[in-house]
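Subject: Structure handover

Hi,

Here is the structure I promised to pass on to you. Have a look at it first, and then read on for my notes.

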Amino acid sequence: MELEQTYDRAASYQENYGRGPQFGAERRAVPQVPRKEFLGCPVRSRVGIAAGLLLNSEWILGYAERGFDLLTYKTVRSSFRPCYELPNWVFVEESPDEAGTYFVTDDLPDDPREVSSSVCFGMPSMAPEVWRKDVARAKGGLAEGQLLIVSVVATPLEDWTLEMAAADFVQCAVWARDAGADVVEANFSCPNVCSSEGSIYLDAESSGYIASEIRKAIGQTPLLIKTGHYADEGRLGAYLHALDGLADGVTLVNCLIGKVIHRDGSPIFGEAFVEAGVLGRTIHDPCVKSVRKTADMIERDGLRLQVAAVGGAATADDVARYFDAGADAVMMGSAPMYLPDLAAELKGTRPDF
Ligand SMILES: Cc1cc2nc3c(=O)[nH]c(=O)nc-3n(C[C@H](O)[C@H](O)[C@H](O)COP(=O)(O)O)c2cc1C
């Protein structure tokens, strides 16, 4: 099947950064809907795009015009970081084998809402002098009721202490806020980096410490923490308690991790990245479960955290499942790439979202 694709997967990250999203000629009108609230801010809808697809202000503003109201600027760092070699984004079969291995495919389902994929970019970033100006441009182009969320991450060297990593997070968070971010999202999870910034969320104490340092520095600006999958409920509880009163919410789940290979057994992203983040339809059910578990814990323990749900949302039913599970907002990572009019469509059928 031919999919509409606004990101050219055969081209480099830099080319996609430079040319912006490639939308088709047709654009669906965006219906007006009643105002809602997320993180204490008035918003047109509680549906948005997670960190990833929106590489810069061109991408942010293109999707904002199409009715997405919570727009996350792809993760930025305190220094330039190139992207990994191609391929960076591949489609996978929906069902993994018994060992949890995913197979790359070009044979896509007829319905784009059923697509699953895998990414391996390595969290590239423009230099701060570039992204700080560009974040300001993005903010300047958004309408009232649309939120700019800027995702940031530290870039620790091998001999860095936790304090040094926290200071690097703080630097990026302050720059993001000063450039116009309505919300800062600190990325404590990324499956495709081998260094420690990819798994901070698994350490409750360090997560709490970094969140407290960011909170001290950014004052009242809302703070989200991007979080990966928790297999263990006890550890998830400890993590949420560590963030309580420091962050305003958690964004989860940031992909599930699996082996991603060709049918002949060779790894698609190279030997260094046999395991990668898996996205889309195949992760939706487990992510709804995680969101429900998290929202239930927050309610049970009276924690002051909101939940931005992520993982395989591509239909009104998916979004409704997340709200029913206790989410305060629903973010989409990959679906808006091939369904750029999805927000406008949802506003037509579900103005309550
Ligand atoms: C092209 C692409 C790049 C991504 N880059 C980032 C990133 O820089 N930071 C981040 O926190 N998540 C990143 N993600 C993960 C998404 O934010 C999201 O967690 C993931 O796609 C799962 O959502 P989905 O199933 O709706 O796609 C990326 C996803 C995609 C599709």
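Let me start with a strand pair: strand 8 and strand 9 run parallel and are joined by 4 bridges. Within that pairing, V152 has A186 of strand 9 as its bridge partner. Please keep in mind throughout that this is a predicted model.

Strand 9 covers residues 183–187, and 5 of its 5 residues are buried, so the strand is largely enclosed by the rest of the structure. Its side chains split into two sets: V183, E185 and N187 point one way, while V184 and A186 point the other way. Both sets are buried.

Just beyond strand 8 there is a residue you may like to click on. A154 sits in the loop between strand 8 (147–152) and helix 4 (162–179). Is A154 buried or exposed? With 25 other C-beta atoms within 10 Å, where 20 or more is the cut-off, A154 counts as buried. V76 is 78 residues away from A154 in sequence, yet their C-alpha atoms are 8.7 Å apart in space.

Now to the ligand. The shell around the ligand has 27 residues, and A50, G52, L279, G333 and S334 come nearest. By type, the shell holds 15 nonpolar, 10 polar and 2 charged residues. Strand 4 (70–76) supplies at least two of the shell residues, and strand 13 (275–280) likewise supplies at least two.

Strand 13 also belongs to an open sheet of 5 strands, with mixed pairing and the order 5-7-13-12-6. Strand 5 (89–92) and strand 6 (102–103) stand at the edges with a single partner strand each, so each has one side without a neighbour in the sheet. At one of those edges, strand 6 pairs with strand 12 (residues 256–261) in the parallel sense, over 2 bridges. There, Y102 stands opposite V260 of strand 12. Helix 7 (residues 281–300) packs on this sheet and touches strand 7 (116–119), strand 12 and strand 13. The direction of helix 7 makes about 85 degrees with that of strand 13.

Helix 7 comes up again with helix 8 (residues 316–324). Which residues of helix 8 are buried? They are D318, V319, R321 and Y322. These four cover an arc of only 155 degrees around the axis, which puts them on the same side of helix 8. On the other side of helix 8, D317 and D324 are exposed. The buried residues of helix 8 pack against helix 7 and helix 10 (342–349), as well as strand 3 (47–49), strand 14 (306–310) and strand 15 (329–332). Just after helix 8, G326 takes a positive phi of about 110 degrees.

One last stop is strand 15, where A329 is found. A329 has 29 other C-beta atoms within 10 Å and is therefore buried. Leaving aside residues up to four places away in sequence, A329 touches F38, R46, G48, L70 and A308. V47 is 282 residues from A329 along the chain, but the C-alpha atoms of the two are separated by 5.9 Å.

If you open the model in your viewer, strand 9, the shell around the ligand and the buried side of helix 8 are the places I would turn to.

Best wishes

Technical notes
Residues are numbered from 1 along each chain as its sequence is written. This is a predicted model: local features need pLDDT of at least 70, side-chain atom pairs count only at pLDDT 80 or more; totals for chains, interfaces and linings use all residues. A residue is near a molecule or strand if its C-beta atom, placed from the backbone, lies within 6 Å of it. Ala, Val, Leu, Ile, Met, Phe, Trp, Tyr, Cys and Pro count as nonpolar, Asp, Glu, Lys and Arg as charged, and the others, Gly among them, as polar. Two strands pair if DSSP finds at least two bridges between them. Two residues are in contact if their C-beta atoms, placed from the backbone, lie within 7 Å. Axes are lines fitted to C-alpha atoms, for helices over the stretch in contact, and angles run from 0 to 180 degrees between N-to-C directions. A residue is buried if 20 or more other C-beta atoms lie within 10 Å of its own, exposed if 12 or fewer, and partly exposed in between; C-beta atoms are placed from the backbone. The arc is that of the directions from the helix axis to the C-beta atoms.
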